Amino acid sequence: MLIIFTYPNHNSLNYSFLQKVLKGSKENANIKEIQVLDLYEEGFNPLLVFNEQKRRRDMHKDPGMEKYRQQLAWADKIVFIYPIWWGRPPAMLLGYIDQIFASNFAYKDKKGYFPEGLLKGKSVVCVSTMKGPAYYPLLWLNNAHKTLMKRALFNFVGIKKVKFFEFGNMESPNGNQEKKMEKVYTYFKKVAN
C-alpha cells in the first residue's frame, strides 16, 4: 500500500488522519507492506517544465520521476490524504498527478474516445478534510472534487475501485474529529486488499 500525504504541517488534523491510517493498516493482516510518500517533506517539485530538453510526450520516462513511478506501479492500494482547498486538492498534489500519471505510464492513447488505462487492478482511497460543511462540495460545487478524482483521473487510468472519506467542518469545535478519525482507523484495520 502506498500512502501519499499532502499537507505542509505535521502538527495538523491531516497528519492525525495519516497516523490513524497507518495504525489501522499495521493491525490489518491483509496489508503486508506500507510506503508513505509525504510530498512536502520530500520537497516534491509540483511545477511542470516543458522545453527543448524536456518534452511533454517524454514525461513517462523522466528520470527525476522514476522513483515515484516505481512506487505507483508497486502499490496495489493507493491512499491519498489531503485537504480540500477551493473545492479541489492542493496544488502540490495536483502537480504530482500531472507529472506521474503521464501518458504511456498511467494510460495509453488508442483509437476511439477513451484511452487504455494502464493502472488496472489497483484501488484508491481518498481521505480529505475541509473547513466547510460536508455537503458543500455536493450541493454547491456539483460534486466537483469526487468527479475530478474518480472520473477524470482514476477511471481514466483504469482504476475503478475508489472510496472517499470526505470530512467537513474540521475546524469546528463540534466537528467530531475523533469520531471521524476512528472511522478511518476502523476501515483500514478491516479492509481487504
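Here is a short conversation about the cores, ring pairs and charged side chains of this predicted model.

Me: Happy to look at this together! What pLDDT do local features need here, and how are residues numbered?
Reply: Residues are numbered from 1 along each chain as its sequence is written, and side-chain values use heavy atoms, with hydrogens and water left out. As this is a predicted model, side-chain atom pairs count only at pLDDT 80 or more, totals for chains, interfaces and linings use all residues, and local features need pLDDT of at least 70.

Me: Let's start inside. Which element gives the largest share of the largest nonpolar core?
Reply: A nonpolar core is a set of buried Ala, Val, Leu, Ile, Met, Phe, Trp, Tyr and Cys residues joined through side-chain atoms within 4.5 Å, where buried means under 20% relative accessible area, exposed over 50% and partly exposed in between, with a 1.4 Å probe and protein chains only. The largest core has 33 residues, and Ile4, Leu72, Phe80, Tyr96, Phe101 and Phe154 touch the most other members. Elements giving two or more residues to this core include strand 1 (2-5), helix 3 (66-74) and helix 4 (91-100); helices (H or I, at least four residues) and strands (E, at least two) are DSSP runs, numbered from the N terminus. The largest share, 5 residues, comes from helix 4.

Me: Which residues does Tyr96 touch, not counting residues up to four places away in sequence?
Reply: Contact means heavy atoms within 4.5 Å. With that cut-off, and leaving out residues up to four places away in sequence, Tyr96 touches Leu2, Ile4, Leu37, Leu39, Phe44, Tyr68, Leu72 and Phe101.

Me: Now the rings. Are Phe17 and Phe167 stacked or edge-to-face?
Reply: Rings of Phe, Tyr and Trp (its six-membered ring) pair if their centres lie within 6.5 Å; planes under 30 degrees apart count as stacked, over 60 as edge-to-face and the rest as tilted. By this rule the count comes to 11 aromatic pairs. Phe5 and Tyr15 are edge-to-face, at 5.8 Å centre to centre and 75° between the planes. For Phe17 and Phe167, the centres are 5.3 Å apart and the planes at 15°, so that pair is stacked.

Me: How many residues apart in sequence are the parts that Phe17 and Phe167 tie together?
Reply: Both Phe17 and Phe167 are buried, and ring pairs link them with Phe165, Tyr187 and Phe188 into a cluster. Phe17 lies in helix 1 and Phe167 in strand 7, so the parts they tie together are separated in sequence by 150 residues.

Me: On to charges. Which residues join into one network through salt bridges that share partners?
Reply: A salt bridge is a side-chain nitrogen of Lys or Arg within 4 Å of a carboxyl oxygen of Asp or Glu, and a search of the whole structure finds 7. One of them joins Glu27 and Lys23, with the closest N and O atoms 3.8 Å apart; another joins Lys108 and Glu116 at 3.6 Å. The network formed by shared partners consists of Lys23, Glu27 and Lys189.

Me: Lys180 is buried yet has no salt bridge. Which backbone oxygen does its side chain reach?
Reply: Lys180 lies in helix 7 (residues 177-190). Its nearest side chain of opposite charge, Glu166, is 11 Å away; Lys and Arg count as positive and Asp and Glu as negative, while His and the chain ends are not counted. At 2.7 Å, the side chain of Lys180 reaches the backbone oxygen of Gly168.

Technical notes
Polar contact = N/O pair within 3.5 Å; in protein donor to acceptor, adjacent residues only side chain to side chain.
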